[in-house]
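The exercises below ask you to read local contacts, packing and strand pairing from a structure, and each is followed by a worked solution. Please have the model open while you work through the steps.

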Amino acid sequence: MDVLLERLIAGTTDGAIYALIALSLVVVFRGTGTINFAQGEIALFTTFVAWSVVTRGMPIWVALLVATLCGFVIGVVVERVCVRPVAKRSDMAVLIVLLGLFTAFNSLDGLIWGGDTKVLPSLLPNGPDDYLAAGSARIYGDTAAVWIGTGVVLLLMIILFRFTRTGLHMRAVANNSEAAALAGVRVGRVLSFSWGLAGAIGSAAGVLITPLAPAQLSLLTMLTIFISACAAALLGGLDSLVGAVVAGLAIGLMEAFIIGYVPGLGDHLSETAVLTIIVIVLLVRPTGLFGTKKLERV
Amino acid sequence: MRTLLHIADLCAGYGAADVIRSVSLDVADGEIAVVLGANGAGKTTLLRAITGALARTGTAEFDGRPLRTRPEDNVRAGLSLVPQGRGTLTELTVAENLLVGASARKPGRGVDADVTKWCEFFPVLGERRDQKAGSLSGGEQQMLAIARALMARPRLVLLDEPSLGLAPIIVQRVFAALSDINATEGTSMLIVEQNADLALRAATSAYVLEAGHVVASGSATDFLDDDRVRSAYLGTDSRSAGAPRGCR
């Protein structure tokens with residue numbers, strides 16, 4: 001099989017998931033101004049929930065819906081109960097709370113579902129013969145599910161932000177939350193909804209990628225994925241929705257090509273490259289590729 | 001006339017120190033009232049305390065009911081603020097800014113009609129409807145901020161130094177627009193200003209704020225005519241309109 005084509009497909013698939021999780025980070029950052037370090041683990045928790053639903057004999061589509069809904073509720077609760085009360089004090093307090101939640105969710109997963117690896121079925125038929133031929137490469141059901149799922153989420157996001165009142169209010173709060181409140185926007189509700197939305201997007205991403213993840217469904221599934229998604233959010237500029245998608249795809253492709261074209265070391269080198277990107281962005285261009293520079297009149 | 005805004009013994013500040021102490025003032029339904037004061041007198045603090053952006057003690061009643069503690073709730077009660085420095089949503093278009101101003105209202109034809117109405121009242125906003133608010137000039141942003149506040153159909157608009165940083169000719173236009181809106185819509189206004197002359201001409205009643213206290217109050221015409229008041233409290237003459245003030 002053509003390596004280039006095969007890597008292109010793998011890179012776009014991973015990149016799509018990075019884009020989704022980066023998007024969920026950006027949605028929260030635009031509202032609250034914090035990076036939700038617990039995002040990956042919230043997504044893992046709801047992916048485990050999806051697994052539980054599937055093992056009870058429900059179709060994976062239902063499980064996806066349940067996980068997404070669950071992610072929304074967890075997002076809202078985390079914002080309202082864990083983040084908002086400490087946000088008044090300091091950003092550092094929020095950071096510590098989120099890091100705490102990161103460990104808490106992972107431990108909770110272990111407590112409920114145990115440490116052994118589980119298999120989550122793909123959303124589309126994924127047998128050896130269920131593929132579309134693209135030139136010399138084959139696109140299997142699990143890959144197609146990621147692409148279609150990501151496309152649907154992005155479309156819904158565009159509709160939300162461009163054409164709905166809630167989206168307008170979210171953009172207003174992201175732009176200047178005090179001015180938005182003075183104009184009558186219920187900022188608290190917008191923040192809760194943003195965290196809920198982020199939780200839902202992350203959960204959808206988790207269910208979509210798990211069938212393809214090297215770790216399958218285990219306590220480690222989200223770790224490397226989340227680091228790459230963080231790099232994508234940073235590279236994209238943290239407050240740019242478009243940036244998150246573009247950078248997510250870019251990082252997915254970069255990893256795929258390093259793995260494909262660096263013999264032997266590729267796997268490890270791709271992780272190194274992601275971390276290097278994080279460092280470089282923070283050092284050289286903290287606003288990323290698409291982020292807005294904050295110019296404040298004092 | 002009926003009292004719309006009733007403030008008595010209001011105190012507020014940052015941290016332990018009160019910036020405004022025991023301020024009392026009333027705004028009658030339909031009138032324009034003005035609070036004059038120099039830099040640091042507590043004008044912005046006063047308005048922030050009224051809207052709830054800042055914690056306050058004392059009495060603050062709007063139309064006979066206690067004001068709420070969150071700005072977004074007070075907007076729903078009919079009280080809007082045009083903040084100092086205008087507070088336009090720079091990344092949003094002019095039309096979107098106006099729509100955000102109607103957040104407290106039911107969406108629909110009424111809101112769309114109001115967007116059109118204010119775009120016609122301020123033609124410059126109509127011309128720049130789909131431009132980002134950040135690309136507007138200072139005067140245009142001030143008009144946008146006023147129009148956005150009016151989108152909530154408020155009964156009382158608080159304006160925090162609408163003349164700040166604007167050229168004299170633009171300041172005159174802004175005040176002409178405010179008087180016009182007050183006359184045609186019946187919207188009451190409480191304007192805090194350093195630009196005493198123009199503000200007094202637009203207003204019916206006036207207060208002077210000094211170091212957090214109301215040190216004088218009366219009808220705006222009396223203030224304009226009384227040279228002693230002007231020299232004692234305002235330290236201005238008629239040429240000061242729009243003159244550069246400080247380094248902001």
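**Exercise 1.** Leaving aside its neighbours within four places in sequence, which residues is A:R138 in contact with? Establish also whether A:R138 is buried, partly exposed or exposed.

*Solution.* Keep in mind that this is a predicted model. Begin by placing the residue: A:R138 is found in strand 2 of chain A, which covers residues 137-140. Once neighbours within four places in sequence are set aside, its contacts are A:Y131 and A:A133. For the second part, burial requires 20 or more other C-beta atoms within 10 Å, and because A:R138 has 17 C-beta neighbours inside 10 Å, A:R138 counts as partly exposed. Finally, look along the chain to A:E6, which is 132 residues apart from A:R138, although the two C-alpha atoms are separated by 7.8 Å.

**Exercise 2.** Describe how strand 1 and strand 2 of chain A pair, and examine the hairpin that they make.

*Solution.* Strand 1 of chain A, residues 131-134, pairs with strand 2 of chain A in the antiparallel sense, over four bridges. In this pairing A:A134 has A:A137 of strand 2 as its bridge partner. The hairpin has two residues between the strands, and A:G135 takes a positive phi near 65 degrees there.

**Exercise 3.** Determine how helix 3 and helix 8 of chain A cross, and classify the residues of their contact.

*Solution.* Take the axes of helix 3 (residues 60-87) and helix 8 (residues 187-209) of chain A, which come within 7 Å and cross at roughly 145 degrees. The handedness of this crossing is right-handed. The residues of the contact between these helices then divide into 14 nonpolar, eight polar and two charged.

**Exercise 4.** Work out the strand order of the six-stranded open sheet in chain B, and find which helices pack on it.

*Solution.* The order is 6-7-8-3-9-10, with mixed pairing. The edges are strand 6 (79-82) and strand 10 (213-219) of chain B, each of which pairs on one side only, and the twist averages 15 degrees from one strand to the next. At one end of this order, strand 9 (residues 205-210) and strand 10 of chain B pair in the antiparallel sense over six bridges, with B:A206 opposite B:G218. Helix 1 (residues 43-51) of chain B lies across strands 3, 6, 7, 8 and 9, running at about 150 degrees to strand 7. Helix 6 (residues 138-150) of chain B touches strand 6 and strand 7, and its direction makes about 170 degrees with that of strand 6.

Technical notes
Residues numbered from 1 in each chain as written. Chains lettered and ligands numbered in written order. Predicted model: local features only at pLDDT ≥ 70, side-chain atom pairs only at ≥ 80, totals over all residues. Buried ≥ 20, exposed ≤ 12 C-beta atoms within 10 Å, placed from the backbone. Contact = placed C-beta atoms within 7 Å. Axes fitted to C-alpha atoms, helices over the stretch in contact; angles between N-to-C directions. Left-handed = near helix turned anticlockwise from the far one by under 90°. Nonpolar A, V, L, I, M, F, W, Y, C, P; charged D, E, K, R; others polar. Pairing = 2+ DSSP bridges.
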